[in-house]
Amino acid sequence: MGGMPKWADALLVPLLSLIIAFVISGLVILLIGEDPVEALWIMVTGALGSTYGWGYTLYYATNFIFTGLAVAVAFHAGLFNIGGEGQATMGGLGVALACLALPWPHWSLALLASTLLSAVFGAAWAALPAWLQAKRGSHIVITTIMFNFIAAAVLNYLLVNVMRPRGSMDPATARFPAETNLPDLHAILGAVGIPFAKGTPANISLILALLACGLVWVTIWRTRLGYEIRAFGKSEKAAVYAGIRPIRITMYAMLISGALAGLMAVNTVQGETNRLLLNSVEGAGFIGIAVALMGRSHPVGVIFAAILFGFLYQGGAELALWTRIPKELIIVIQALVILFTGALDEMVRAPLRRLWRMR
Amino acid sequence: MGRQDPAAPFAIELRGISKAFGPVQANKDISIQVARGSIHGIIGENGAGKSTLMSILYGFYKADSGEIVINGHPTTIPDSQSAIRAGIGMVFQHFKLVQNFTVLENIILGVEEGRLLAPSLSKARKVLAELAREYELEVEPDALIEDLSVGHLQRVEILKALYRQADILILDEPTGVLTPAEADHLFRILRGLKEQGKTIILITHKLREIMEITDTVSVMRRGEMTATLPTAGTSPEQLAELMVGRKVLLRVEKAPASPGRIVLEIDDLRVRDPQGVERLKGVNLTLRAGEILGIAGVAGNGQSELLEVLGGISQATGRVKINGQEIDLTGKHSDGRSRRAQGIAHVPEDRQTRGLIMDFAAWENMAFGYHHAPAYQKNAALMDNAAIRADCAAKMERFDVRPQVPALAARNFSGGNQQKLVVAREIERNPDLLLIGQPTRGVDIGAVEFIHKQILALRDAGKAVLLVSVELDEILSRSDRIAVMFDGRIMGERLPGATDERELGLLMAGIGEEAA
């Protein structure tokens, strides 16, 4: 049948969805008596107009790349992992343990340890729902979301009763030693002669995230495991015919997915706060779903979608700072973007496809 | 129908219809005249453009150019509602019925009159009773769709069209899902409709049906109408040649088999389904090298389960030996990968849900099940996609898969070419035992001939073939030995030369000797 070319599906559809979301957001801003053009200008200049803005945008984007990849890998296996939140929470525990366990002589060694431990903790948190799905058929959407709450409760207990330094009133771990602090983009880009603003949270985890994108791409499209994951995700019946074992694929896909979500904590816990706080994930696990949907579960798409949501986060913060637009409205704008790019993109695709067929 | 113009002898006239999908010309300047009150057959291979043409007539597609004339009036058909208003009814290959509705509820769906259902239902009940009397179209009006047999479902579809006052009825491959007896009944119905002045267009790729029931036949090939002939003045051979564009052997010449050593030994094989119902009740079979064993039987008597156990899809109890070695039926080595390692290749009955990943490209499907093969690996970690692509291109060439594009997704190939992809993948592995289920279901005539030749070549190379088919014709003409299955048992074995359809039919119905 006369279908749309691939580029139109990958670029035109999200772009049009985005424009619709922004137009409706603009109408809402108009309704509360503010100027939408000015609002957009503040968002763009605040998030993308300076390297300082970029520093925040990329920091948020790093989180969303990890959680977006996590959801994308599970999608390829036909699994809907909405437990990124809990897996990232557990990843944070791994980072904290890695950073506090040994007196690391250099940040690179600490990064190695925290990367490993956050991935292991995230994967472990995904393992039980995966096993329940594979062996008992307990639906992974239900179990992973339940595990989000369990993770929050476990962390709460640990921070209050076990990991809180003596005498502290704050449910958080002790500050990590300075040797574990990761270099930020100012330091990294400065080393190669590119000026970048000081004091932004974007750090070397961004490079880790891009590396993860590359690895996911190779795994999904170039290895036997990736082949089996994709085959299983498209048709379990056919996969069984081909000798692919459903239990094995479900486990592997979810372990990889959980590990990716767990890695997010390197960026937030080690890269930014330098100690483990109660709610360090801040919903990034759920944003990952929108990022994966919008990015068509492809690493390159995930990167772009993650930057878009990073822009919305940072631009939204700027909006709250410089205008009388209430903070809640920023969540409305983000919700509209998720609604149109994630849930309603078929609304744009169908007429576009018809348009193509008419040519 | 007040719209009929007695001066116009044709119920439907198409003039110069063309339709392209991108670079593919699905219909090329097609003109056809269908006389009122006749049965007009349209025959052609899969992908010849029959379905596209009918979709244009039913308003699913808009033709790029050309004219549709219904009962002498030029008509545009932008959607199926207009087609229904023009008196056209369509009976699809895949029924469009609501499973948990009754027959009556399905009949009035979309043509309810008013907000309350009761008046429409009682009107439909009356009309249905009349139609049943007139055309032998008996269906229990209050039966649930999910409880009806396939033959009855088709009657409901025909009734739906008639209830909407169709006087032109289009049937798309109507006998594909029917038993021979049900097909005979359908033909009686169609003749009855014709006598009442209805016009019928029958789309099929089965030559026998064309010869049996149509008055006129049009042949399509590669988007073009190659001929329209009175059925009485043609022959199956001529039609086959027109369809394929070259001479076709309707029967593949077959040398007698020379069976060798035993390849497959099945002893007391039993299978229970997830509900605990026994599906195989102690099957015993042997199969030798250089032999085609055909399994006949009405669908659902355990043939699928037999294939699935041997192919490593489901588990079983009993003993199965391949080349003298017992294979694992329940444990870790009872999966498809282990079976392939033991020299068993499997062309599954349902290529679209099992044999292929429809969204995968042809080349990705060519490695499906064999993606661990050393030739497909670049190194310990990575697959060699370039090698798989090249291998796929070579196999597509040898098996004449069209279009010969390895990057095309499986779903974009016609049924026959999809089957060729699967058969190429499995046969080219040179297995000791080939399991092949419904090899020619939904496959066009040219591909049928080709696939049968490949199976025969494999047998002549000294391999064993287990052929499962619900087409008795196919079993009788291709097998060297026939086993009939009924209710999970082997009812008996026959040699094709020493039996006939009647005897096999009795065994298939469970009448005859008990299992050996």
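Where in chain B is the place of Arg222(B)? I looked this up at the outset and found Arg222(B) in the loop between strand S9 (216–221) and strand S10 (224–230) of chain B. I note that the model is predicted.

**Entry 1: backbone of chain B**

I recorded a positive phi of about 45° for Arg222(B), although this residue is not a glycine. I then looked up its surroundings: 15 other C-beta atoms lie within 10 Å of that of Arg222(B). Because a residue is buried at 20 or more such atoms and exposed at 12 or fewer, I entered Arg222(B) as partly exposed.

I turned next to Asp400(B), where phi is near 50°, again a positive value in a residue other than glycine. Asp400(B) is found in the loop between H13 and H14 of chain B. I counted Asp400(B) as partly exposed because it has 13 C-beta neighbours inside 10 Å.

I also looked up a cis peptide bond, which joins Arg402(B) and Pro403(B). Its omega is about -10°. I located Pro403(B) in the loop between helix H13 (385–398) and helix H14 (415–427) of chain B.

**Entry 2: a sheet in chain B**

In what order do the four strands of the open sheet stand? I read the order as S12-S11-S14-S15 in chain B, with antiparallel pairing. The edge strands are S12 (278–288) and S15 of chain B, each of which pairs on one side only.

I followed the pairings of S14(B). Strand S11 (residues 262–272) of chain B is joined by five bridges to strand S14 (residues 317–322) of chain B, and the two run antiparallel. In this pairing I noted Arg270(B) opposite Thr317(B) in S14(B). S14(B) also pairs with strand S15 (residues 325–326) of chain B in the antiparallel sense, over two bridges. Here I found Lys321(B) standing opposite Glu326(B) in S15(B).

I entered S14(B) and S15(B) as a hairpin with two residues between them. Asn323(B), in the turn, has a positive phi of about 50°.

Which helix packs on this sheet? I identified helix H9 (residues 303–310) of chain B, which touches S11 and S12 of chain B. The direction of this helix makes about 65° with that of S12(B).

**Entry 3: a helix pair in chain A**

I then examined helix H4 (residues 84–101) and helix H6 (residues 140–163) of chain A, which pack at an angle of about 25° with their axes 7 Å apart. As angles under 35 degrees count as roughly parallel, I entered H4(A) as roughly parallel to H6(A). I recorded the crossing of H4(A) and H6(A) as left-handed.

On the side of H4(A), I listed Glu85(A), Gly86(A), Thr89(A), Met90(A), Leu93(A) and Ala96(A). The residues they meet in H6(A) include Phe147(A), Asn148(A), Ile150(A), Leu155(A) and Met163(A). I noted that the residues of this contact divide into 10 nonpolar, three polar and one charged.

**Entry 4: between the chains**

How many residues of chain A are in contact with chain B? I found 16 residues of chain A in contact with 24 residues of chain B. Helix H9 (224–234) and helix H10 (236–241) of chain A are the elements that give two or more residues to the side of chain A touching chain B. I recorded the residues of that side as seven nonpolar, four polar and five charged.

Conventions:
Residues are numbered from 1 along each chain as its sequence is written. Chains are lettered from A and ligands numbered from 1 in the order in which they are written. This is a predicted model: local features need pLDDT of at least 70, side-chain atom pairs count only at pLDDT 80 or more; totals for chains, interfaces and linings use all residues. Two residues are in contact if their C-beta atoms, placed from the backbone, lie within 7 Å. Ala, Val, Leu, Ile, Met, Phe, Trp, Tyr, Cys and Pro count as nonpolar, Asp, Glu, Lys and Arg as charged, and the others, Gly among them, as polar. Two strands pair if DSSP finds at least two bridges between them. Axes are lines fitted to C-alpha atoms, for helices over the stretch in contact, and angles run from 0 to 180 degrees between N-to-C directions. Angles under 35 degrees count as roughly parallel, over 145 as roughly antiparallel, 65 to 115 as roughly perpendicular and the rest as oblique. A crossing is left-handed if the near helix is turned anticlockwise from the far one by less than a right angle, and right-handed if clockwise.
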